[in-house]
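Student: Hey, can we go through this protein model together? I'd like to start with the strands.

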Amino acid sequence: MSTKKALIVWGGWLGHQPEEVAGLYKGILEPEGFEVEVSDTLDAFADVDKLKSLDLIVPNWTMGQIEGKLAGNVLAAVQSGVGIAGTHGGMCDAFRTNVDWQFMTGGQWVAHPGNDGVEYTVSVKYSSSPLLEGIEDFEVKSEQYYMHVDPAVEVLATTRFPNPNVPGPHSPNKAVDMPVVWTKRWGAGRVFYCTLGHQANIIAMPQVTEIMRRGFLWAAEGKAKATAAAAGSYTGMQDNIL
């Protein structure tokens, strides 16, 4: 069996500790048998054929600007079957002006009322996916992300807004369960996202590390299944629950 290949690209706003988080991602992937390339430049997205040869792309770039061609290469690679997975602003606040990126990833950050240090519960949600099976609800002290979310995503975990300890202009609205973890499809590719991960210490939480380990593996497995389906040897009947 060939070794799975992953590309981690980090950069943008340094307050999210992108280099440190990229190191944690690498530490999750390598024990799972991945050959991991780590890059600190968006030029890593310049070769679309190379991207299509990967199993997994892990973006970790916050509040940046990306050339249309580079974003288009990533979208094309994922559409062909390459998985994409990430956390926090590194994936869903990566490129605020690129709506195609937001369409693919399934959401965009818009606020974190109370900023860092907010205490809240992450509630694991029953869904058709067993990805988070066995992970119990847990408490986090970090930023609580308010997202604009694609209604097509499969929600695997949520948090409640408004937080009673963080009043704001959004508080008069009805309570909502805001997605924290979700999956989505983009063509033949699998998309996995977790809003947690403001800094490296949050990624290092055992629950978050395990969530990301499972998410990375799930997203990357889509490549082999897409290849098999194209060859006529995979029916895809169970793909919606894996």
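Tutor: Sure. S4 and S11 pair in the parallel sense over 4 bridges. Strands here are DSSP runs of E of at least two residues, helices are runs of H or I of at least four, and both are numbered from the N terminus. Two strands count as paired if DSSP finds at least two bridges between them.

Student: Is there anything I should know about the model before we go on?

Tutor: This is a predicted model, where local features need pLDDT of at least 70, side-chain atom pairs count only at pLDDT 80 or more, and totals for chains, interfaces and linings use all residues. Residues are numbered from 1 along each chain as its sequence is written, and side-chain values use heavy atoms, with hydrogens and water left out.

Student: OK, back to S11. Which residue there is the bridge partner of Gly86?

Tutor: That's Tyr193.

Student: And how many bridges join S10 to S11?

Tutor: 6 bridges, with the two strands running antiparallel. Arg185 has Arg190 of S11 as its bridge partner, and Thr183 stands opposite Phe192. S10 and S11 form a hairpin with 2 residues between them, and Gly187 in the turn has a positive phi of about 60°.

Student: What's the strand order in the whole sheet?

Tutor: It's an open sheet of 9 strands with mixed pairing, in the order S2-S1-S3-S4-S11-S10-S9-S6-S7. Strands S2 (34-39) and S7 (138-142) stand at the edges with a single partner strand each, so one side of each has no neighbour in the sheet. On average, neighbouring strands are turned by 20° against each other, direction ignored.

Student: Why is S11 called largely enclosed?

Tutor: Because 6 of its 6 residues are buried. Buried means under 20% relative accessible area, exposed is over 50%, and partly exposed is in between, using a 1.4 Å probe and protein chains only. Gly189, Val191 and Tyr193 are buried on one side of S11, and Arg190, Phe192 and Cys194 on the other. In a regular strand the side chains alternate between the two faces of the sheet.

Student: Switching to helices: how far apart are the end C-alpha atoms of H3?

Tutor: They are 18 Å apart, which agrees with the span expected for its 13 residues (68-80) at 1.5 Å a residue. The expected span is 1.5 Å times one less than the number of residues. After H3 comes Gly81, with a positive phi near 130°.

Student: Which residues of H3 are buried?

Tutor: Leu70, Ala71, Asn73, Val74, Leu75, Ala77 and Val78. Their cover includes helix H2 (48-52), strand S4 (83-87) and strand S11 (189-194).

Student: What does Phe216 touch?

Tutor: Leaving aside neighbours within four places in sequence, Phe216 is in contact (heavy atoms within 4.5 Å) with Tyr25, Ile28, Leu29, Leu56, Val58 and Ala85.

Student: Last topic: how many disulfides does a search of the whole structure find?

Tutor: The search finds 0 disulfides, a disulfide being a pair of cysteine sulfur atoms within 2.5 Å. Cys92 is in none, and its nearest cysteine sulfur, that of Cys194, is 10 Å away.

Student: Why can't Cys194 bond to Cys92?

Tutor: The Cys194 sulfur is 10 Å from the one in Cys92, too far for a bond.

Student: And is Cys92 buried or exposed?

Tutor: Cys92 counts as buried, because its relative accessibility is 0%. Cys194 also has 0% relative accessibility, so Cys194 counts as buried.

Methods. Axes are lines fitted to C-alpha atoms, for helices over the stretch in contact, and angles run from 0 to 180 degrees between N-to-C directions.
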